[in-house]
Number of protein chains: 2
Amino acid sequence: MVPGQESLGKRRFQLESPGTLAGMCSLPEYREPLRRVAVTGGTHGNEMCGVYLARNWLQDPGELRRPSFSAMPVLANPAATAVCRRYIDRDLNRTLTLTFLGSKATPDDMYEVKRARELNQLLGPKGTGQAFDFILDLHNTTANTGVCLISEASQSSFNLHLCHYLQLQNPGLPCRLVQFEPSEAETYSVDSVSKNGISLELGPQPQGVLRADLFSRMRALVAAILDFIELFNQGKDFPAFEMDIYKILGKVDFPRATGGDLAGTVHPQLQDHDFEPLRPGEPIFKLFSGEDVLYEGDSIVYPVFVNEAAYYEKHVAFLKSEKIRVSVPALPGLTPSST
Amino acid sequence: MVPGQESLGKRRFQLESPGTLAGMCSLPEYREPLRRVAVTGGTHGNEMCGVYLARNWLQDPGELRRPSFSAMPVLANPAATAVCRRYIDRDLNRTLTLTFLGSKATPDDMYEVKRARELNQLLGPKGTGQAFDFILDLHNTTANTGVCLISEASQSSFNLHLCHYLQLQNPGLPCRLVQFEPSEAETYSVDSVSKNGISLELGPQPQGVLRADLFSRMRALVAAILDFIELFNQGKDFPAFEMDIYKILGKVDFPRATGGDLAGTVHPQLQDHDFEPLRPGEPIFKLFSGEDVLYEGDSIVYPVFVNEAAYYEKHVAFLKSEKIRVSVPALPGLTPSST
């Protein structure tokens, strides 16, 4: 995010001091009910749970209604969805930057740049008081992540309470929160257009495949997230708690031969082991020659998005994260004047 | 296959009477060692085991050498492989027909039509005595097929012996043979270019993902198949046996709404249950409305390629097969004059 952008109405759940996250979360600066909520699917056109949930809700949005708001379903990338590809010209979920959104439109613009401007009109404008209050962006991954929420590091304790709520609602189902800071100078994701937002990832599911079990699970998770927003809007108190979050440290590329082609792939001992500890000296890659490549770091990390199909072109075999225990303060009920 | 094509040197392992397959297999008509063998990967550019095996063997083909022959590695669809998609313009594995191969080339031809002609020059010409003796074509599927060989119904008992050899070599690993008859008037697959051929499928693996376990398994299976050919070429006797094969009966499309869009997907009770019996009255689809769709056939079938990503566009949720017990006669050793 561009520094100072909060003053434009963005991130109203901004932490007072982001530096305190690893220890104690602070309270949101100010709080209002979330009235304008969107649920976006098909940001990547071959991640089928969100594609078909969005299509389903566009036909019948009844499931997205709550007493205090009605979430708007959006099929984020219709052209990519129509051909069942991640994107047409470039990754839409990396295109919602103020630079792209503010650039002069030309007929030769890439499809996703045009679509980003449309989404910004619909759900933004990004960084302004007119932007939607919350975007929930739906994704699938080929990695064995289970249920996973992706939140920008600059996001508020609201997202942590949301994740905790899902954990309490689904005691047998791990629901992890991954926190990242965009490596570029500005935010770029679809959910960065709204004042607050989060991505929901569900895996493993192959690209282009719709599994009934994951479809049902994502549908139930979206319902629970809307329920949480409704409870917040109604003025419910959410008590303090502690939870583990996974903070992205960086990426690890595949081993490569001269010329850049793969020289091996993710080791069987790491494959499917997202969110499990990786210790120095443990194998991470199996070379085509048969040799193992060992993790050479000096501390335990927690790999996530292990062998995600879409990340090959981004030169990412997995992301390294650190597991951090955070104390999240209570989210007190909205005052009657707010609700 | 076009009737009478066998007289051009094709299908030298042709059964005397294809009609006997469901009961007792007959002997090949005549038999010679297989000297010209190709292993093709990347026929579909996002099926990564074959893509990376072919690339690896093109660098170092030593693994493909046997005393009596050296198999030639081929990256079948380099353009699709370069962009990690199944195909560029049309499915290459449906393009090796005599109609496409014999049509006049024009600059506007689809990429895969051009590439089919190149492959026909390299490995054919299809239906002639100059064609390769054997093509082993490597595939992955998102379906939970495990190890699976695909053989045309017109193929010989040689393929059944090959499958049986793999079963004996890998006692803990089911290795099934799927037999199909092309629904069109002529054969169309990459392995139909050679006199005999077979496809090896390995699943489940998402498109665009290379799993080390499946890569190693496919590599070992290819080695075993080449070993079998070598034993055949050396004059080994292969005794008679019985085995189950799965004969394709037809396809089943997804449930669809008005307009053709999906109205549901594969039922959780069917998902991942390839090659297991499906009984009348058992659920096959879960509609987005929550209702189940039941199988209405009047006999047990064995679904295969359940929820394969690439088959959505072909309107195939799964293929129905029947399980047939076949008696395969001995494959007697080649006489010294042949070897």
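The following paragraphs describe a predicted model, from its overall build and symmetry to its aromatic contacts and individual backbone features.

Local features were taken only where pLDDT is at least 70 and side-chain atom pairs only at pLDDT 80 or more, while totals for chains, interfaces and linings use all residues; side-chain values rest on heavy atoms, with hydrogens and water left out. Residues are numbered from 1 along each chain as its sequence is written, and chains are lettered from A and ligands numbered from 1 in the order in which they are written.

Chain A is a good place to start. Its secondary structure comes to 6 helices and 14 strands, where helices (H or I, at least four residues) and strands (E, at least two) are DSSP runs numbered from the N terminus. Of the 339 residues of chain A, 58% are buried; here buried means under 20% relative accessible area, exposed means over 50%, and partly exposed lies in between, with a 1.4 Å probe and protein chains only. Contacts, defined as heavy atoms within 4.5 Å, are mostly between distant positions: among those in chain A with a separation of 6 or more, 74% involve residues 24 or more positions apart. The chain exposes about 12,900 Å², of which carbon and sulfur atoms supply 52%; these areas come from the Shrake-Rupley method with a 1.4 Å probe, and for residues only the protein chains shown count as cover.

One annotated region deserves a mention. An unreviewed UniProt entry places the feature "domain: AstE/AspA barrel-sandwich hybrid" at residues 242-323 of chain A; UniProt positions follow the numbering used here, feature names are shortened, and annotations may be inferred rather than shown by experiment. In the model this span is 0% helix and 38% strand, and its end C-alpha atoms lie 13 Å apart.

The two chains are related very simply. A turn of 180 degrees and a shift of 0.0 Å along the axis lay chain A on chain B with an RMSD of 0.0 Å, which is the relation of a two-fold axis. In chain A, the C-alpha nearest that axis belongs to A:P206, at 2.3 Å. The superposition is by least squares on the C-alpha atoms of residues with pLDDT of at least 70 in both copies. The copies meet through the same surface, because 100% of the interface residues of chain A are also interface residues in chain B.

Aromatic side chains come next. Over all chains the structure holds 27 aromatic pairs, counted when ring centres of Phe, Tyr and Trp (its six-membered ring) lie within 6.5 Å; planes under 30 degrees apart are stacked, over 60 edge-to-face, and the rest tilted. One of the pairs is A:F158 with A:F232, edge-to-face at 5.0 Å centre to centre and 80 degrees between the planes. This pair links distant parts of the chain, with A:F158 in helix α5 (residues 157-169) and A:F232 in helix α6 (residues 212-233), 74 residues apart. Both A:F158 and A:F232 are buried. They belong to a cluster in which ring pairs also link A:F134, A:Y165, A:F228 and A:F238.

In chain B, B:Y165 lies in helix α5 (residues 157-169) and is buried at 13% relative accessibility. Beyond its neighbours within four places in sequence, B:Y165 is in contact with B:A224, B:D227, B:F228 and B:L231. Charges over rings also appear in this chain, the criterion being NZ of Lys or CZ of Arg within 6 Å of the ring centre and within 35 degrees of the ring normal. The charged end of B:R55 sits over the ring of B:Y52, 4.9 Å from its centre, and B:K236 lies over the face of B:F238 at 5.5 Å.

Back in chain A, A:N46 is found in the loop between β1 (37-41) and α1 (48-59). The residue is buried, with a relative accessible area of 6%. Its C-alpha atom is 5.2 Å from that of A:Q207, 161 residues away along the chain. Residues up to four places away aside, A:N46 touches A:C84, A:R85, A:R86, A:Q207 and A:G208.

Finally, some backbone details stand out. Most residues other than glycine have a negative phi, and most peptide bonds are trans. A cis peptide bond nevertheless joins A:G124 and A:P125, with omega about 0 degrees, and A:P125 is in the loop between α4 (111-123) and β5 (134-140). A cis bond also joins B:G124 and B:P125. A:H315, not a glycine, has a positive phi of about 60 degrees; A:H315 lies in the loop between β13 (302-304) and β14 (318-328) and is partly exposed at 36% relative accessible area.
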